[in-house]
Amino acid sequence: MTPLFRILPVLLSLLLLSSAIGGDWPTYRANAARDGYTPDALPNDLVLHWTWKSPHPPQSAWPRSQRMTFDRAFHTVIAGGRVFFGSSADHQVYCLEASSGKVLWTFFTGGPVRFAPTVWQEKIYAVSDDGYLYCLQASSGKLIWKHRGGPDDRKILGNERMVSSWPVRGAPVILDNILYFAAGIWPTDGIYLYALDPVDGKVLWKNDKTGSIYMPQPHPGADANSGTSAQGYLMAAGDQLFVPTGRAVPAVFDRRNGKLNFFHLQENTKNGSAEIMALGDFFYNGALPFEMKDGKSRLPAKKKVPGALTRLADGSLVNIYRDTLSAYQWGKSERTDRKGMLNKEDELKPLWSIPKVRESRVLITAGDTVVGGGGTKAISGVDSKIQKRLWRHYVDGVVYGLAAADGKLWVSTDQGTVYCFGEKGTAEATVVSAEPEPYPSDPAIVKAAEEIIRKSGVTRGYCLDLGSDDGALAYEISKRSDLYICGIESDSEKVDLSRKKLAAAGVYGNRVVIHQGDLDKTLYPKYFADLLVSSRALKEGAGFLNAKESFRLQRPYGGLAVLGKAGQLKVNKRGALKGAGEWTHQYSNPANTGASKDEVIKGPLSMLWFRDVDLEMPSRHGRGPAPLFYEGRLIVEGIDELRAVSAYNGQVLWSYSLPKILSAFDAEHLMGTSGTGSNFCISDSSVYLRKADHCLRIDVATGKKVDEFIAPKASEVAEERDKGSSVAEIWAHIACEDGVLFGSVANTEFVVGFRYGKSDMQSQFTQSKRLFAMDAKSGELKWQFESRNLIKHNTIAIGDSRVYFIDRPASEKDEMDKRRGAKSTLAHATGILYCLDAQSGKVIWKSNDSIWGTVLALSVEHDALVMAYQPGDFRLPTELGDQIEVYQASTGKKMWSAKGLKYKTRPMIIGSKLYVQGGAWDLVSGIEQPFDFKRSYGCGQLTGSPNMMLFRSGTLGYYDLTGSYELSSYGGIRPGCWINAIPAGGLVLMPDATARCSCSYLNRSWIALQGVEE
């Protein structure tokens, strides 16, 4: 028998939390506890009554995430004989007749609707990515009031849609006649949590302070100025409000005043999801039960309850995992500890299990029937009293949504289909679907659209229609291209009309959106438009447009504005962004400065765009190549392909297939590019990528292969030296400058040891036996240099028509002993520092005066060559980090030397200063500079630009170099383990580099951050 002390809290919880009265299912998962339970029973047998089909499937924000699946289907709520849901595809709230599926009304919002509405006293509360919560009349869809979550209406591109800078993804919950919701998903930009009076929207309290909290991050020992987020359905129980934070555990607030009670992020390093459920003394999240009172988990990991959850009428917990449906109740277990003491512990004790029930992604309970649906494209009903399956039905997609009311079951799938099942009857099942209606054709608009496409040639990316009128031009452009079109119109009546017409034509939301706003101050993000047009200007000319605003919105590096009267359209192309820097090699340039010359980007940082990209990346511990930026394009290499993305709006431009190109980097704690160097670079509108013994030349604009070059054969001397080697030659180092392509041939006999955890290092070549130079266009060999010993790739620096490197014997301390893993105690011999002419390969100067360095970096501007180490958490044994020397690059004369140092990163040169984590110096004089830099946690390298320095410090950290010398964070996301955040193109660009990381940072995303507006 279940102890009374366990039953009473459960019964009390059920009385307080259940808002499902009569036959309604008024909110996501039935009630404020989100437990998926209703006492309203289902028939023992069900038949299909009707099917409603959307023209377009749901547009999930995070399609690759298994922790944030809240918008994979159109989740339904039911009240008063009506079915309500929101659409992420066409940005509308829908009301259907429950008995037939007939559409009764729809309501347009300004962005994707990713969550089910909540029904309360004949009112509908829906939230949108446009940043608003809407209160609608349930019977008609008429707007009663709306409340903005963020501080203003500024927009960004989020998940490939134009959304608020503070999208409302903290879906509303109502308890005790108080409505709660939250806006904002990026902590640093602000998180806004509200309690409102649901009658009139009056603010009862607001908490806007939790986006910036200096707090422990998921990695142990990592602290950062970050905070909470809001992604998922809010849950309320007792005096507590639970806010899902996306990939992490919930943040818990006091419902009475909005005070943050607790947010145990670091304690739950790998736990968390957007789904929360309350039951009795516990809430459940990420497969773990946590105590309601303090958020602590009392169960070890082996006691998790994974899979979908619901409850039964008696308060039992039900889950389904690996085809087994199980029920549990809390009880006490007695265990004897190591000291022989008898302890009583809380434990989930199994009540019953039913095997061979198909795996489900979602569970609910209606009366005594547990209903599950999921990956098998089926739904099943199980009688919990007798533990027997009652029925099974098949549907057209993966089931993510279930709701039950009035003896009926509603099923929502990832295909955008809603099914209604009920008791047997005589009527046949009906299908309700919207057939696209033709948009009224205007010959003048058709002709103008054709002229725009013909003159611009732009058919992909983002189009902006400034003064979109009735939406006809946007529609005609959508028919003739793959552009995503954002229209802005000041006339509210025209906005309403165009939305209805475009929705009827089947393109609203998924291809075209229309916003109401001021054409002189659109609040759209800067730089986003690949193509800028104006429907209104076709009649009036472009004179009414604000030239400054139009230019602000136009994409740098080729964005086109096609404006004017029909038949007289003029094309304007925007050039490079003034002051923007490039990042064309692993450490920014062939000189290895580790810093760009970008003078645009400066803090504070805020979001410009974010999105999920389906590029499979190697493990973050494999230290893959850094992303590159060139002429508006962000070029990123994944395990099987090279991908180009627009730096200014996140659009995927092209992909080049390279099967398993980085598979060797997809492992734990390798040297990776920290030793091998990158395998690709960019110069003169070409990507050069080494692969085995050859190099591909790929056009940076199209992603098409232009040429292929083979590494040159060795000289006769080298052939004699290398005789007996059975390993094929490998093109290793790669760089390109001033029309010359530089390469090296790897020494494949020397393999360095792994760092932490044994990994396969057999293809991680860090040193070469010869250098060579080719004509970058023809591939014609210019020269080769045969080394006496070996050339460590990190010592190759190129600039000002010179090539610098160190020819030095390898150290047995660094080498992997293939038998025992033991390391030699022999000292690392010094080498020779060379300076060659880049065009001819002739020696300009050389020095053998105690050449100890393992890294070279060059400042062409200050004629300075830095010799240093590359120390750090994953350093080789010879990377000491105790001295730095600087030479005059043109002559080889030693300028200054510093010894007895303690630094942890490779050198970075910004202007006239040299930085490492551990100090800064004037590059020419060697005079130490003020540099009070410390970071909480991070194994990656420093990158920089004249205004700021970037690094990993738990989350993304940045350090002001303009005078304030402050350390700041952009929270909610973690960088990679070497270099994946670069300052270039006037932005901070950071593709996701967290592959194989399960730590619960709030978001995993590709992002572009902008600086303060001038």
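These are my notebook entries on a few places I looked up in this structure, which is a predicted model.

**Entry 1: a hairpin and its neighbour**

I began with strand β22, residues 251-254. Which way do its side chains point? Ala251 and Phe253 point one way, Val252 and Asp254 point the other way, and all are buried.

Next I looked up the partners of β22. Strand β21, residues 240-243, pairs with β22 in the antiparallel sense over four bridges. Strand β23, residues 260-262, also pairs with β22 in the antiparallel sense, over two bridges. Val252 makes a handy landmark here: it is the bridge partner of Phe242 in β21, and its bridge partner in β23 is Phe262.

I then followed the chain from β22 to β23. The two strands form a hairpin with five residues between them. Gly258 sits in that turn and has a positive phi of about 80°.

**Entry 2: Ser412**

I moved on to Ser412, which I found in strand β36, residues 408-413. Is it buried or exposed? Its relative accessible area is 0%, so I wrote it down as buried.

What does the Ser412 side chain meet? A polar atom of this side chain lies 2.8 Å from the backbone oxygen of Phe74. Leaving aside neighbours within four places in sequence, I listed contacts of Ser412 that include Ala73, Phe74, His75 and Thr76, as well as Val398, Val399, Tyr400 and Gly401. Thr417 and Val418 are also among the contacts of Ser412.

**Entry 3: a four-stranded sheet**

Here I looked for the order of the strands. Four strands form an open sheet in the order β46-β47-β48-β49, and the pairing is antiparallel. The edge strands are β46 (628-630) and β49 (652-657), each of which pairs on one side only. From one strand to the next, the twist averages 20°.

I took a closer look at the end of the sheet with β49. Strand β48, residues 641-646, pairs with β49 over five bridges in the antiparallel sense. One of the residues I traced was Val645, whose bridge partner in β49 is Val652.

**Entry 4: Trp609**

Val645 led me to Trp609, since the two are in contact. Trp609 belongs to strand β45, residues 606-611. With a relative accessibility of 1%, Trp609 counts as buried.

Which residues does Trp609 touch? Not counting residues up to four places away in sequence, Trp609 touches Leu157, then Val645, Ser646, Ala647, Tyr648, Asn649 and Gly650, and also Trp1006, Ile1007 and Ala1008. I noted a polar atom of the Trp609 side chain 2.8 Å from the backbone oxygen of Ala647.

I also looked up a separation: Trp609 and Thr109 are 500 residues apart in sequence, with their C-alpha atoms 20 Å apart in space.

**Entry 5: aromatic rings**

How many aromatic pairs are there in the whole structure? The search finds 42.

I picked out Tyr804 and Trp845, a tilted pair with 6.2 Å from centre to centre and 55° between the planes. This pair links distant parts of the chain: Tyr804 is in strand β59 (residues 802-808), while Trp845, 41 residues apart from it, is in strand β61 (residues 843-851). Both Tyr804 and Trp845 are buried.

My second pick was Phe933 and Phe951. Their ring centres are 4.8 Å apart and their planes stand at 65°, so this pair is edge-to-face. Phe933 lies in the loop between β68 and β69, and Phe951 in strand β70, residues 948-953. Phe933 counts as buried at 7% relative accessibility, and Phe951 is buried at 3%. Both rings belong to a cluster, linked by ring pairs, of Tyr915, Phe931, Phe933, Phe951 and Tyr959.

**Entry 6: Gln941 and Arg906**

I stayed with the loop between β68 (919-922) and β69 (943-944), where I found Gln941. Gln941 has 5% relative accessibility and so counts as buried. Its contacts include Phe951, along with Leu950, Trp978 and Ile979. Thr905 and Arg906 are among its contacts too.

Where does the Gln941 side chain meet Arg906? A polar atom of that side chain lies 2.9 Å from the backbone nitrogen of Arg906. Arg906 also lies over the face of Tyr587, 3.6 Å from the ring centre.

I closed the page with another arginine: the charged end of Arg574 sits over the ring of Phe551, 3.9 Å from its centre.

Conventions. Residues numbered from 1 in each chain as written. Predicted model: local features only at pLDDT ≥ 70, side-chain atom pairs only at ≥ 80, totals over all residues. Heavy atoms only, no water. Pairing = 2+ DSSP bridges. Axes fitted to C-alpha atoms, helices over the stretch in contact; angles between N-to-C directions. Buried < 20%, exposed > 50% of the residue type's maximum accessible area, 1.4 Å probe, protein only. Polar contact = N/O pair within 3.5 Å; in protein donor to acceptor, adjacent residues only side chain to side chain. Contact = heavy atoms within 4.5 Å. Phe/Tyr/Trp six-rings, centres within 6.5 Å; stacked < 30°, edge-to-face > 60°. Lys NZ or Arg CZ within 6 Å of the ring centre and 35° of its normal.
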